[in-house]
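Visitor: I would like to learn how to read a model such as this one, starting from a single residue and moving outward to the whole. Could you take me through it step by step?

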Amino acid sequence: MDLDAETIEFLQRLADSGRKPLHESTPEEARQRSALLTGLIGPGPEMAAVREVEIAADGGSITIRLLMPAVEADGIIVYYHGGGWVLGDLDGYDTLARQLAARTVCTVALVDYRLAPEYPFPAPVEDSWTALRWVDENRANLARADVPLIVMGDSAGGNLAAVMTQRSRREDGPRIDHQVLIYPVADADVDRPSYIAAPNQLMVDRPAMMWFFDHYAPQVDLRSDPQVSPLRAPDLSGLPPATVLLASNDPLHDEGTAYAAALAAAGVPVQTRTLNGQMHGFFSLVNILPGAAMGMDFVVQQVISVVDPAVADARADAVVIGAGFAGLYMLKRLRDVGLRVRLFEAAEDVGGTWYWNSYPGARCDVESIYYSYSFDRDLEQEWTWTHRYASQSEILSYLRHVADKFALRKDITFGTTVTGATWDDGYGVWRVNCDTGETVRCTYLVSAAGCLSSVQIPRLPGLDDFAGSVVHTARWPADGLELAGRRVAVVGTGSTGIQVIPALAEQAAHVTVFQRTPHFSAPARNRGLSDDEVRRVKNEYPTIRARCRINPAGTELTKSETPAGALTAEEREHVLREKWESGGPGIISVFADVLSNEEANDVVAAFFRNRIAEIVEDPAVTEMLTPSGYPIGAKRICVDTAYYETFNRDNVTLVSVGDTPIQQITENGVMVDGIDYPADILVFATGFDAITGPLNRIDIRGREGALLRNKWTHGPRTYLGVATAGFPNLFTITGPGSPSVLVNMVTAIEHHVEFIADLVTSHRAQGITVIEPTQEAEDDWVDRVNAAADQTLYPRAGSWYMGANIPGKPRVFMPFVGGMGVYRQFCDDVIADGYRGFIGHVGAQSYAEVYPFDGKP
Ligand code: NA7
């Protein structure tokens with residue numbers, strides 16, 4: 001097993017310092033060097049209280065340092081430090097003990113047993129025993145009388161912890177609930193293979209161990225006493241359950257393994273973990289070696305499962321919010337890399353957008369062959385889309401299939417809304433609160449809450465007086481609405497209104513449409529997909545997906561490279577006709593400069609206006625439906641099936657509420673300009689508090705209690721749209737500042753999910769469990785997002801992209817307009833640059849600050 005890079009560098013620094021090998025040093029020299037290392041560790045988290053007690057021990061006294069956590073302790077840990085019974089002191093283990101106390105919510109009693117050679121065996125054992133009994137007698141003062149007691153120690157301290165459990169059983173001493181042995185000295189046999197193996201002769205090598213034994217138990221025959229070599233105890237049965245943490249490159253690896261095996265053979269429950277790439281001593285090199293943080297993670301988890309199984313249950317590595325396209329894949333991806341994930345979903349099933357938006361006519365405006373996951377070849381082949389544009393129910397079935405195929409439901413809690421999340425810096429966790437009262441602690445929090453999920457119903461006077469049914473399109477009743485013979489009023493003519501109105505008109509007695517702004521809409525030309533087409537797509541999926549990944553729109557739509565001005569009027573008309581006939585939103589890319597040049601934009605807008613005039617029979621209605629005053633495409637282009645044609649029907653009335661807004665809702669209808677339009681059902685197709693709404697409605701508090709929505713008062717600020725400074729380990733899928741709603745959402749989602757999962761796992765591999773963007777990187781990214789938008793016509797429309805549909809919301813263009821391909825390339829460069837712009841922290845301190853230490857040990 002190769003050592004990890006940080007350990008190699010650390011050892012190099014030790015070598016460069018020119019220090020004498022341990023076995024050539026005096027104990028005093030060795031202790032002075034240990035003190036230098038202590039100086040590199042830095043302070044640990046604040047405690048509610050730190051007390052030292054001095055207790056009488058055989059012929060003298062010893063000190064116990066008590067570290068009390070911020071809230072009432074769930075358990076007590078008696079910690080015996082390492083250092084070969086010769087080295088080690090309270091200060092050298094203070095930070096470690098504080099982290100342990102803070103993260104496990106236990107009182108830690110750090111024992112300053114007396115050291116050899118001044119106090120050889122059995123003095124350290126006797127001192128450890130005295131301390132253990134003192135703690136046991138004082139349980140009620142240190143926590144509660146009934147809390148679990150754990151003994152723990154590393155190296156020689158692990159030896160003492162193991163010896164304590166045996167003695168306690170033998171002498172009917174304190175009840176010990178668990179033992180945590182970190183590379184313990186289990187057997188004074190310096191000839192085991194791991195003792196001799198060359199790759200293990202590192203900071204603590206075989207001669208060093210022999211030096212320790214010579215000071216601790218100078219008489220060789222003493223070393224076979226089970227109080228020196230606990231592995232030699234004749235019977236290990238009945239000892240407390242054990243956690244054994246070992247290092248791969250450690251002379252003591254074999255005896256640790258043997259002790260764990262012997263415990264297990266004696267019927268003691270044992271959990272063993274060997275951390276690869278680590279050397280003997282790694283656990284105590286807090287803030288110096290990333291392995292120490294990884295080891296601490298494991299130990300903390302083990303302790304919590306003993307002291308508070310309910311909390312252990314309420315712990316997850318990651319919490320994901322939302323079970324739509326984003327959340328389902330995030331759950332799968334994080335689970336695949338070994339994290340324990342909990343997903344909370346407000347709905348009673350998976351689907352997200354496609355669960356909620358079950359109104360008649362609901363359909364995706366991105367073609368089905370693109371609007372699907374690409375991460376699994378089998379899934380791609382086994383699922384067959386029936387239509388060019390998939391209906392809501394077909395997409396929902398697809399997502400249910402995905403949830404079943406990858407067994408995702410077992411980690412999802414349905415019917416549960418995340419209401420708040422607070423970052424706890426001391427513990428390095430998010431505390432996530434749900435509306436059900438459940439609280440979960442987790443390291444990472446991922447919002448997959450979507451961009452269009454915070455439903456917006458305008459506060460119209462009289463709404464509560466309406467006698468009929470009121471429904472928002474995104475909360476359509478699962479079992480539908482009885483429409484036959486009913487008069488329906490629809491408020492809103494965005495993408496949703498444009499889909500729902502024709503479908504309602506076919507079923508209802510009458511539909512009255514209240515339109516504030518006419519939108520531009522292109523025909524979808526939806527149709528069934530033939531078997532041949534499906535076969536071809538399935539065969540070509542790898543190349544199709546590869547193209548989607550670098551395409552600006554995340555599909556195969558190609559944006560013309562020709563500006564409108566380079567074509568004659570006839571040529572322009574011709575290509576526009578072609579696009580109109582082939583259908584779909586692609587018409588907006590018919591010229592290179594539709595969204596950046598006003599004249600080009602006018603050409604396309606005029607073409608649409610002519611089509612509306614061609615389709616709609618009544619000139620007064622035509623005029624009302626004809627958009628003007630904002631660039632086409634600056635509000636999202638709609639895609640319809642017979643929308644304009646619907647206004648030729650006798651049972652459809654259009655009412656403009658642009659200049660004369662809805663006055664009030666009456667008992668029986670909608671009043672505009674003094675006229676009461678009768679209705680039995682009131683449908684709000686009024687959209688969403690888009691992009692930031694789903695995040696801002698959760699009470700998300702980052703460092704020092706800062707509220708996310710306050711940070712974003714003047715508009716959202718993120719790095720890459722996936723993270724935001726001051727909110728460590730919070731990740732947003734398709735968040736503000738990412739391409740999100742401007743591109744195929746599934747392509748964007750897959751990108752973010754993989755980016756976030758890789759970011760997390762690559763840092764975890766180095767022991768870095770806390771990650772956030774730097775302020776500088778965030779500021780730079782926000783500037784780029786704004787600069788990209790300013791080069792376009794987008795900011796010229798009062799759209800939901802700009803937050804303009806929500807009263808009081810800051811007017812900022814929220815998505816990154818540069819396209820998926822450019823965005824992906826930027827992210828790839830960030831990764832290639834070692835996740836430029838992100839900073840990782842080990843524990844409470846900055847990894848970057850503590851790792852390149854200056855003091856030479
Ligand atoms: P949109 O696109 O935000 O459309 C909402 C519609 O509701 C739009 O026509 C609004 O008019 C109208 N609206 C909102 N408030 C009012 C009031 N008070 N009175 C009258 N009309 C009002 O939401 P959609 O659900 O259609 O589409 C959202 C996205 O979901 C869509 O782009 C796809 O990506 C999927 P306005 O234009 O603001 O004047």
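Guide: Let us begin with Thr165, which has its place in helix H6, residues 156–170, and keep in mind throughout that this is a predicted model.

Visitor: Why does Thr165 count as buried?

Guide: Buried means under 20% relative accessible area, and Thr165 counts as buried because its relative accessibility is 2%.

Visitor: Which residues is Thr165 in contact with, leaving aside its neighbours within four places in sequence?

Guide: With those neighbours set aside, Thr165 is in contact with Val151, Ile176, Gln179, Leu239 and Pro240.

Visitor: How many of the residues of the protein, as a percentage, count as buried?

Guide: Of its 857 residues, 60% count as buried, and the secondary structure comes to 27 helices and 29 strands. The C-alpha trace spans about 110 × 55 × 50 Å along its principal axes, while among contacts with a separation of 6 or more, 74% are accounted for by residues 24 or more positions apart.

Visitor: How should I read the empty space inside, and how many cavities of 30 Å³ or more does the structure hold?

Guide: The general idea is that rolling a probe the size of a water molecule over the atoms shows where empty space is left. In this case the structure holds 4 cavities of 30 Å³ or more, and about 60 Å³ of space lies in the largest cavity.

Visitor: Which helix supplies the largest share of the lining of the largest cavity?

Guide: Helix H17, residues 531–550, supplies that share with 4 residues, and the residues that line the largest cavity include Ile369, Trp383, Trp385 and Tyr541.

Note on methods. Residues are numbered from 1 along each chain as its sequence is written. This is a predicted model: local features need pLDDT of at least 70, side-chain atom pairs count only at pLDDT 80 or more; totals for chains, interfaces and linings use all residues. Side-chain values use heavy atoms; hydrogens and water are left out. Helices (H or I, at least four residues) and strands (E, at least two) are DSSP runs, numbered from the N terminus. Buried means under 20% relative accessible area, exposed over 50%, partly exposed in between (1.4 Å probe, protein chains only). Contact means heavy atoms within 4.5 Å. On a 1 Å grid over the protein atoms alone, a cavity is a set of points where a 1.4 Å probe fits but cannot get out, and a pocket is an open set with protein on both sides within 12 Å along at least five of seven lines; lining residues have an atom within 4 Å of a point. Grid points are joined across faces, edges and corners, and a volume is the space filled by probe spheres set on the points.
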